[in-house]
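Me: I am new to this structure and would love a close look at one part of it. Could you walk me through it step by step?

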Amino acid sequence: MKIKIILTNLIVVLLIGFASHVYLKSTLKSNIYRANEKSLQSDRKIFKDLFMLRGYQLMAEVQRKASTPETRKVFDPLPPDEKEAEKQLRVRSFILVDKYASEELKVDPLFGRKPELVAITNPKGILIARDTDANSNVGEKWGEKYDLVKFALNRRAKWDVIEYNGMNLQTAASPIIRDEGIVGCLLVGFELGLGGLVSEPED
């Protein structure tokens, strides 16, 4: 009889212990999940903020380059002959963008590398030259293709994520301004890396 009572009590204790273990395990898992989710949301916000910051840093750097005498000099007076003028403008533009493309834009650790795209358009948003290949994409209407070019040609520098040659590029565009007004647009773009967060920038 005593053994029966002892066994019954033991079973009850074991069942209570098992139930407590299951409850504590479930509660612990739930708390860990909530903590991880909260941490993940916080990390996402930090990453997004860093992504936005990089975009504005890049835009500031492109604005600086667009305002240099070296960039504005591309649009110095050209010969009266239309074909010769177009040829000279393309040569000047290509020399400049190719030079910029070979440089490292030390905006931050992400952009401490060479850009994947450097290009110049005319005031109508038509591409004059891009790095790497003097003839590639020339004549394309980038003012219609990319909103940030349209913004730049209205005196508003802008950054955005654009699709170019199968790549997603975090790109900034800035107007090139001389005494006579806006003469073109400079673009610089870097491929998104490190699982970059693609986000719509703020105007």
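Which residue forms a salt bridge with Glu-70, and how far apart are the closest N and O atoms?

Reply: Happy to help! Please keep in mind that this is a predicted model. The partner of Glu-70 is Lys-99, and the closest N and O atoms of this salt bridge are 3.5 Å apart. Glu-70 sits in helix α2 (residues 69-72) while Lys-99 belongs to helix α3 (residues 82-102), so the salt bridge ties together parts that are 29 residues apart in sequence. As for how open the two residues are, Glu-70 is partly exposed, with a relative accessible area of 38%, and Lys-99 is also partly exposed, at 34%. In general, side chains of opposite charge can pair when their charged atoms come close.

It helps to set this pair beside another one. Arg-64 and Glu-61 also meet through their side chains in a salt bridge, at 2.8 Å from N to O. Here both residues lie in helix α1 (residues 2-66), three residues apart, which means that about one helical turn separates them. Arg-64 is partly exposed, with a relative accessible area of 44%, whereas Glu-61 has 18% and counts as buried.

Now for the wider setting. The structure holds six salt bridges, and Lys-73, Asp-76, Arg-178 and Glu-180 are linked in a network of them. The protein chain has five helices and five strands, and 37% of its 203 residues count as buried.

Key
Residues are numbered from 1 along each chain as its sequence is written. This is a predicted model: local features need pLDDT of at least 70, side-chain atom pairs count only at pLDDT 80 or more; totals for chains, interfaces and linings use all residues. Side-chain values use heavy atoms; hydrogens and water are left out. Helices (H or I, at least four residues) and strands (E, at least two) are DSSP runs, numbered from the N terminus. Buried means under 20% relative accessible area, exposed over 50%, partly exposed in between (1.4 Å probe, protein chains only). A salt bridge is a side-chain nitrogen of Lys or Arg within 4 Å of a carboxyl oxygen of Asp or Glu.
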